[in-house]
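This report describes the fold of one protein chain for a reader who has not met it before. Please keep the sequence and the model in view while reading.

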Amino acid sequence: MLSSADLPSAGEASVIREDGRSHGVYRDEKGRVHAVSAGCPHMKCVTRWNDAERTWDCPCHGSRFTYEGEVVSGPALDDPPKR
Ligand code: FES
């Protein structure tokens, strides 16, 4: 699993690749780590962090997800798996 050295600082997020998988990892202001798959459930593009909205946004077709792994807007219908 992810080592603490890989994790972002409080209030920051990053996509971390490990064992061929991409994880979207956000550490909130209280230091809690929220990790979901960075692979978009729609067609598997890698999502990007949106710092203004604190969401994971897909650059391919515009799906957006909360940092806790819930769909905000489609076309994706499914939530990305939590890590
Ligand atoms: S692959 Fe992400 S919205 Fe289509």
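K44 is placed in the loop between β3 and β4; strands (E, at least two residues) and helices (H or I, at least four) are DSSP runs, numbered from the N terminus. Although K44 is not a glycine, its phi is positive, at about 75°. K44 counts as exposed because it has 12 C-beta neighbours inside 10 Å. A residue is buried if 20 or more other C-beta atoms lie within 10 Å of its own, exposed if 12 or fewer, and partly exposed in between, with C-beta atoms placed from the backbone.

The structure is a predicted model, in which local features need pLDDT of at least 70 and side-chain atom pairs count only at pLDDT 80 or more, while totals for chains, interfaces and linings use all residues. Residues are numbered from 1 along each chain as its sequence is written.

**Backbone at the loops**

Most residues other than glycine have a negative phi. R54, a residue other than glycine, has a positive phi near 55°. R54 is found in the loop between β4 and β5 (55-57), and it is partly exposed, with 14 other C-beta atoms within 10 Å. The table sets out positive phi values.

| Residue | Place | Phi |
|---|---|---|
| D19 | hairpin of β1 and β2 | near 55° |
| G31 | turn of the β2 and β3 hairpin | about 90° |
| K44 | loop between β3 and β4 | about 75° |
| R54 | loop between β4 and β5 | near 55° |

**Overall form**

The protein has 0 helices and 7 strands. From the N terminus on, its elements run β-β-β-β-β-β-β. The radius of gyration, taken over C-alpha atoms, is 12 Å, close to the 12 Å that the globule rule gives for 83 residues, so the protein is as compact as a globular protein of that length. The globule rule is 2.2 Å times the number of residues to the power 0.38. Along the principal axes, the C-alpha atoms fill a box of roughly 35 × 30 × 15 Å.

Of the 83 residues, 25% count as buried. Two residues are in contact if their C-beta atoms, placed from the backbone, lie within 7 Å. Among contacts between residues at least 6 apart in sequence, 24% join residues at least 24 apart.

**The sheet of β1, β2 and β3**

Strands of a sheet pair through backbone hydrogen bonds, either parallel or antiparallel. Here, two strands are taken to pair if DSSP finds at least two bridges between them. One open sheet has 3 strands in the order β1-β2-β3, with antiparallel pairing. Its edge strands are β1 (12-18) and β3, each of which pairs on one side only. From one strand to the next, the twist averages 25°; axes are lines fitted to C-alpha atoms, for helices over the stretch in contact, and angles run from 0 to 180 degrees between N-to-C directions.

β1 and β2 are joined by 7 bridges in the antiparallel sense. S14 has V25 in β2 as its bridge partner, and I16 stands opposite H23 in β2. The hairpin of these strands has 2 residues between them. G20 lies in the loop between β1 and β2 and is exposed, with 5 other C-beta atoms within 10 Å. The C-alpha atoms of G20 and C40 are 15 Å apart, with 20 residues separating the two along the chain.

β2 and β3 also pair in the antiparallel sense, over 5 bridges. R27 has V33 in β3 as its bridge partner. The hairpin of β2 and β3 has 5 residues between the strands.

**The sheet of β4 to β7**

Another open sheet has 4 strands in the order β4-β5-β6-β7, with antiparallel pairing. β4 (48-50) and β7 (71-73) are its edge strands, each pairing on one side only. The twist averages 35° from one strand to the next. Strand β6 (residues 64-66) runs antiparallel to β7, and 2 bridges join them. F65 stands opposite V71 in β7.

**The nonpolar core**

In soluble globular proteins, nonpolar side chains tend to be buried together. Which residues make up the largest nonpolar core? The core consists of 10 residues: A13, V25, Y26, A35, V36, A38, W49, W56, F65 and Y67. β2 (21-27) and β3 (33-37) each supply at least two residues of this core. A nonpolar core is a set of buried Ala, Val, Leu, Ile, Met, Phe, Trp, Tyr and Cys residues joined through C-beta atoms within 7 Å.

Not counting residues up to four places away in sequence, Y67 touches Y26, H34, R54, T55 and W56.
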